[in-house]
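Got the viewer open and the cartoon view switched on? Let's take a walk through this one, one selection at a time.

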Amino acid sequence: MIELKKYQHDAADNLKELVEKALRSSENEVVIFQAPTGSGKTLMVSEALKRLVKHRPAGAGLSFVWVSVRMLHEQSKEKLERYYEDDRLIQCSYFDNLEDRRIAENEILFINWHSINKKDINIYVKENEQDNNLNSIVQNTKDEGRQIILIIDESHHTASSDKSRELIEVISPKATIEVSATPHLADDVSGIEKVRLGDVKGEEMIKSEISVNPEFMDIEIGSKSSDELVIEQALKKREELAKLLKKQGSEVNPLLLIQLPDRKGNLINKKDTVIEILRKKGITEQKGNLAIWLSEEKSDTLPNIEKNDNDVEVLVFKQAIALGWDCPRAAILVIFRESHSFVFTIQTIGRIMRMPELRYYGEEELNKGFVFTNLPNIEITEDYAKDYVTVYEAKRDDALYKEVALPSIYLRRQRERTRLSGKFVDIFLSVAEEYNLQKRITAIPSKVVNPIIADGRIVNIDQSGEVAHKGTVDVQLNEAELQDRFDRFVADMCTPFAPGDSSDRMKTALYQFFKKTTRIDKYNPRVQRIVLGKENVQTFVDTINMAKERFRAEVIGKLQETREKEVTPKWEIPAITSYNSRYKRQDKTRSIMKPFYVAKQTRPEEQFVEFLEDSKRAKWWFKNGESDPRYFAVLRTDGAAFYPDFIVQFDNGKIGIFDTKSGITAKDAKERAEGLQKYIKEQVKKGRKLWGGIVLSKDGSFRYNDSEVYSFDEKALGMDWKVLSFERVEREAPPVSTIAPLERIVPEEEEKYRTCVPHRTLKAAAGSFGEAQTVEPDGWVKVPTSRRLRPGMFVAQVVGRSMEPLIPSGSWCLFVGPVEGSRQGRIVLVQHRDIQDPETDGSYTVKRYRRTGESNREGAERHGEIRLEPLNPEFEPIILKNILEDEVQVIAELVEILKVHL
């Protein structure tokens, strides 16, 4: 007879009450049961179900369906059968055990969710010849007057997926119990029962904390590989725990778990390495102190390994056994570096959380779990969802959203376009020679090391996030680890080409470069050390990137498309987007998708999101995806598809399209930038209110480039890179007229500035005067004025409402330059790199000039400010601080607002 702890009694009782309340509702209700890993979730649910059926009134029978992921349904069934064997109140069954094709009263039907998703769900759910399907079974059960309760175990894996919804729709349960340590809470649940972590620890059910690589900051590493180091330290800790347990009078033999990485591609398999290290330490299957549990290999020592006094000291396994496997004597976990994005999963680390004798010991070390790893840092997350599982869902805020109807493209690429061919080798060698790669690299670089997390601590394994630790220690890579690191580097550098089809080509290119320049033989580890050396790796990254760009242009660009681009004439922000557990929720109020989920952002993307969140003019923003017809794309100038990072709608109805870049990504953005500007220009001609461009952060402010011809120089951005300020997005200014409504003439030389003056746009005027060069005017026009004309005068149209009522938007004005004497209080055309005035489309503006403070040239000190003031109180002044007066180019002064007939 299993004795429940107090928190388990209370939780079972509270859960029973919530379910009874749900059963009385007129709706089909959902109840959430949240309990920490290791708290006994299955036990508490079992007790709650027992109490439900025990006190049911006559004629109100219940039937149950229990859905679990992977093979957990078998373990759950076995646990429940053991729990119910004394009173036999509830029967546990599979499909084949059901009588008369219905779920009997107080019977639980256990379903393997993983199998349903691997096979056709129709076999289980819809009609078949034997009429032995879930649909008919459910209907038969309900026809007998019973309500059905659905239990979804580990609900964070399954409860939100499309197939889950289909399954739930077929069952149509009166009440659903979602069970998880980390449930995804929805607004429509009828009740939540939560077991507190402190209560579970208070009953001494699980370990007080997990220690990660303890005392590694002071360890002597020597020449050991990282594999040897972590296994050796883990074995020492196991011996230490074994001795402490004996002193406590316990017969528990602490178990060390070693989890092998999944073998993917041509990455090395660590099994042989691990077995050899253990053999040297006296741990072998022959001695009976080692067990192996792999899909292709299972030791004879595996039976009874869960028992506290079993002789096996080390178990080598893969991820497959992590979910649901219960071995409370497991105290230590070794996990190896698997990929750059490796994270601990709650279920895996939960294998070492249970206390073997359900009590705390007098020695504090015995109340902890231990993790040894060669990872540089650790993040805890939920188990990876399978492809068929939708964990999170975000919906478009349709109360805020208005259709954008943007034309978008999607390119279905040939396989030849997704992999590097043999021509890449020649291109790489050519680029390496042009780039002078041989002289840019160091032949004897620093040793390639593996940083390892040191002295970490996990108090709550159900709490997602990075594990706090004191620092890292560096361990030199052995040849096998070096090969592994090199393989991963090559695979990563293949992006956007498929690594499986392209890695060998890239390796060949690297090896041939060394053979040609240094006569180092193929596969020599020296190649890998030189490439991965910290002095060289960025140089190789740059060279490979340049070679890929040339490969795209010279090889991919010449391939004939077998399928034309697919055009979506009126693309809209997706109404619903689903995410897996790699994504994390962030509170972003202006995101059009509610809630906002993100997997991994670049630093420029993070900064730009904060910029958008702080803007008062941005109505909403959307973080675009890529390589999918659901997302927005334009055609690059090289014919590829470009997925800009952000779509933004402003409060005046304008749509902004922005892509964040930095460093080399900004340098390589030419095809993207020019393709985007071509798209925007085409749409503006059709009356669409679009603007945007490539965005980067520079010296604490955002700059954007919307030039038709893109250029980037990080040291000197130039006037094409304008300061980005959403707060000055224009308020519905009318379009600029490109032809003045004045009499245009072709004057004789003596007529110029006597009867006519040049016609210019403000932008052309700013460029002409500001750059002190002669720019041909856009024709000459007669001026309806009584004023005497003189050289320096020109006519331009002023657009925007900021100078109303004096200058109505669209007015034709007479200007004169240069401006002599004091500018104070005069209405002038001004140009400065920090001006961003959307009303004039650039770094120039027409405003009233004010200056406070004085310049101090002697000390080169900048102080005071220039205020460019609008006359319309709806608009804010442009304030230029701490600059010398002559840094602001005052191009011309307003002379007269012309009276013309449109």
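## First stop: a loop on the outside

Start by selecting D100, which counts as exposed because its relative accessibility is 61%. Keep in mind as we go that this is a predicted model. You'll find D100 in the loop between strand 3 and strand 4. Check its backbone angles too: phi is positive, about 55°, even though D100 isn't a glycine. Why pause on that? Most residues other than glycine have a negative phi.

For a second case, jump to N213, in the loop between strand 8 (209-212) and helix 10. Here phi is near 45°, again a positive value in a residue other than glycine. Is N213 buried or exposed? With 0% relative accessibility, N213 counts as buried.

## The parallel sheet

Go back to strand 3 and bring up the sheet around it. Seven strands make up this open sheet, in the order 3-4-2-5-6-1-7, with parallel pairing. Colour strand 3 (91-93) and strand 7 (191-194) to mark the edges, where each strand pairs on one side only. Look along the sheet and you can follow its twist, which averages 20° from one strand to the next.

Now zoom in on strand 2 (residues 62-68) and strand 5 (residues 147-153): they run parallel and are joined by six bridges. To see one pairing up close, select F64, whose bridge partner in strand 5 is I149.

Next, add helix 6 (residues 134-143), which packs on the sheet and touches strand 2, strand 4 and strand 5. The direction of helix 6 makes about 135° with that of strand 5. Then show helix 2 (residues 41-54), which lies across strand 1 (29-34), strand 2, strand 4 (107-112), strand 5 and strand 6 (175-180). Helix 2 runs at about 165° to strand 2.

## Empty space inside

Time to switch to a cavity view. Rolling a probe the size of a water molecule over the atoms shows where empty space is left. How many cavities of 30 Å³ or more does a search of the whole structure find? The search finds six.

The largest cavity holds about 100 Å³ of space. To centre your view on it, select R337, L477, E481, D484 and R485, the closest to its centre of the 12 residues that line it. Helix 10 (226-247) and helix 15 (479-493) are the elements that give two or more residues to this lining. Helix 15 gives the most, with four residues. Colour the lining by class and you get one nonpolar, four polar and seven charged residues.

The second largest cavity has a volume of about 80 Å³. Select K207, L245, A331, P356 and L366 to get to its centre, since 13 residues line this cavity and these are the closest ones. By class, the lining of the second largest cavity has nine nonpolar, no polar and four charged residues.

## Two cis bonds

Return to helix 15 and move on to P496, in the loop between helix 15 and helix 16 (499-518). The peptide bond from T495 to P496 is cis, with omega near 10°. For comparison, most peptide bonds are trans.

Another cis peptide bond joins G817 and P818, where omega is about 0°. P818 sits in the loop between strand 39 (811-816) and strand 40, and strand 40 leads us to the last stop.

## The antiparallel sheet

Bring up the strands around strand 40. Seven strands form an open sheet in the order 38-39-44-40-41-42-43, and the pairing is antiparallel. Strand 38 (793-798) and strand 43 (878-881) stand at the edges with a single partner strand each, so one side of each has no neighbour in the sheet. The twist averages 40° from one strand to the next.

Which way do the residues of strand 40 point? I827, L829 and Q831 point one way, V828 and V830 the other way, and all are buried. With five of its five residues buried, strand 40 is therefore largely enclosed by the rest of the structure.

Finish with the partners of strand 40:

- Strand 44 (residues 889-897) runs antiparallel to strand 40 (residues 827-831), and four bridges join them.
- Across in strand 44, A892 stands opposite L829, and E893 stands opposite V828.
- Strand 41 (residues 844-852) also runs antiparallel to strand 40, with five bridges joining the two.
- In strand 41, T845 stands opposite V830.

Key
Residues are numbered from 1 along each chain as its sequence is written. This is a predicted model: local features need pLDDT of at least 70, side-chain atom pairs count only at pLDDT 80 or more; totals for chains, interfaces and linings use all residues. Side-chain values use heavy atoms; hydrogens and water are left out. Two strands pair if DSSP finds at least two bridges between them. Axes are lines fitted to C-alpha atoms, for helices over the stretch in contact, and angles run from 0 to 180 degrees between N-to-C directions. Contact means heavy atoms within 4.5 Å. On a 1 Å grid over the protein atoms alone, a cavity is a set of points where a 1.4 Å probe fits but cannot get out, and a pocket is an open set with protein on both sides within 12 Å along at least five of seven lines; lining residues have an atom within 4 Å of a point. Grid points are joined across faces, edges and corners, and a volume is the space filled by probe spheres set on the points. Ala, Val, Leu, Ile, Met, Phe, Trp, Tyr, Cys and Pro count as nonpolar, Asp, Glu, Lys and Arg as charged, and the others, Gly among them, as polar. Buried means under 20% relative accessible area, exposed over 50%, partly exposed in between (1.4 Å probe, protein chains only).
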